[in-house]
Amino acid sequence: MMNQAQEEKWSDLRSDYPEVAEALMSHAGFTEYFVSPDLTEEDEFLLDLFKHEFDQGSGDDLFDEIERSRGDELEENSRIREREFVDERLDHLATQGLVGRVPLKQGGYHYGPLRMCVHYLMDRGETDEVVVDDLYWFEDVTGIPVQKLVLTVLSVVEASLTLDSD
């Protein structure tokens, strides 16, 4: 049972950071956070590529890897051979929290696992603490849902989540 101070903290968290509260409650087993993405055959193809051949890299790197490792499997007129289409599908997968990405200084993204996003935020803050407000900033920049980021922070042993940047 929570005492008055703990209840006030949870109330404030739910009010100020509802997505963070939702993810923490899910992690604790009180609720379930689940995104049921509408995946196309091409999305499944890209996720499988991430799982087996492509660890991380730019969108250009991924597009090159498609041709190098799976080009012989694709039909000549496959949409997965179109760079713009692949970028659209990567955007969809990232906004569903299924693929991680961090912004590149020259534009575009570096793609990889969601853990990569947590390490990016830790490096950016020069600490092992990830500030909740940074998760919201990161969602604005990458489209990755705050809830998925919170759950990923909780799974990274060396990371911790904090409300304060001090």
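**Salt bridges and helix packing in a predicted model**

Reader: In this predicted model, how far apart are the closest N and O atoms of the salt bridge that Arg68 forms with Glu65?

Author: Both residues belong to helix α4, where they are 3 residues apart and therefore separated by about one helical turn. A salt bridge requires a side-chain nitrogen of Lys or Arg within 4 Å of a carboxyl oxygen of Asp or Glu. For Arg68 and Glu65 that condition is met, as their closest N and O atoms are separated by 2.6 Å.

Reader: Is Glu65 buried or exposed?

Author: Its partner Arg68 has a relative accessibility of 62% and counts as exposed. For Glu65 the relative accessibility is 10%, and the cut-off for the lowest class is under 20%. Glu65 is therefore classed as buried.

Reader: Which residues of α4 does α3 meet?

Author: From helix α3, which spans residues 41–52, the contact involves Phe45, Leu46, Asp48, Leu49, Phe50 and His52. Sorted by class, the contact of α3 with α4 comprises 6 nonpolar, 2 polar and 3 charged residues. On the side of α4, the residues met are Leu62, Glu65, Ile66, Ser69 and Arg70.

Reader: How are α3 and α4 oriented to each other?

Author: The axes of the two helices lie 11 Å apart, and the packing angle is about 85°. Angles of 65 to 115 degrees fall into one class, so the arrangement of α3 and α4 is described as roughly perpendicular.

Reader: Which residue meets Arg83 in a salt bridge?

Author: The partner sits 4 residues away within helix α5, residues 83–95, so that about one helical turn separates the pair. Arg83 is partly exposed at 28% relative accessibility, and its partner is likewise classed as partly exposed, with 30%. The bridge, 3.0 Å from N to O, joins Arg83 to Asp87.

Reader: How many residues apart in sequence are the parts that Asp134 and Arg124 tie together?

Author: The closest N and O atoms of this salt bridge are 3.9 Å apart, which still satisfies the cut-off of 4 Å. Asp134, at 23% relative accessibility, counts as partly exposed, and Arg124 at 43% is also partly exposed. Because Asp134 lies in helix α7 (residues 132–142) and Arg124 in helix α6 (residues 114–125), the pair ties together parts whose separation in sequence is 10 residues.

Reader: How many salt bridges does the structure hold?

Author: Salt bridges with shared partners link Asp48, Glu53, Arg70 and Glu73 in one network. For the structure, the number of salt bridges is 11.

Definitions and conventions: Residues are numbered from 1 along each chain as its sequence is written. This is a predicted model: local features need pLDDT of at least 70, side-chain atom pairs count only at pLDDT 80 or more; totals for chains, interfaces and linings use all residues. Side-chain values use heavy atoms; hydrogens and water are left out. Axes are lines fitted to C-alpha atoms, for helices over the stretch in contact, and angles run from 0 to 180 degrees between N-to-C directions. Angles under 35 degrees count as roughly parallel, over 145 as roughly antiparallel, 65 to 115 as roughly perpendicular and the rest as oblique. Contact means heavy atoms within 4.5 Å. Ala, Val, Leu, Ile, Met, Phe, Trp, Tyr, Cys and Pro count as nonpolar, Asp, Glu, Lys and Arg as charged, and the others, Gly among them, as polar. Buried means under 20% relative accessible area, exposed over 50%, partly exposed in between (1.4 Å probe, protein chains only).
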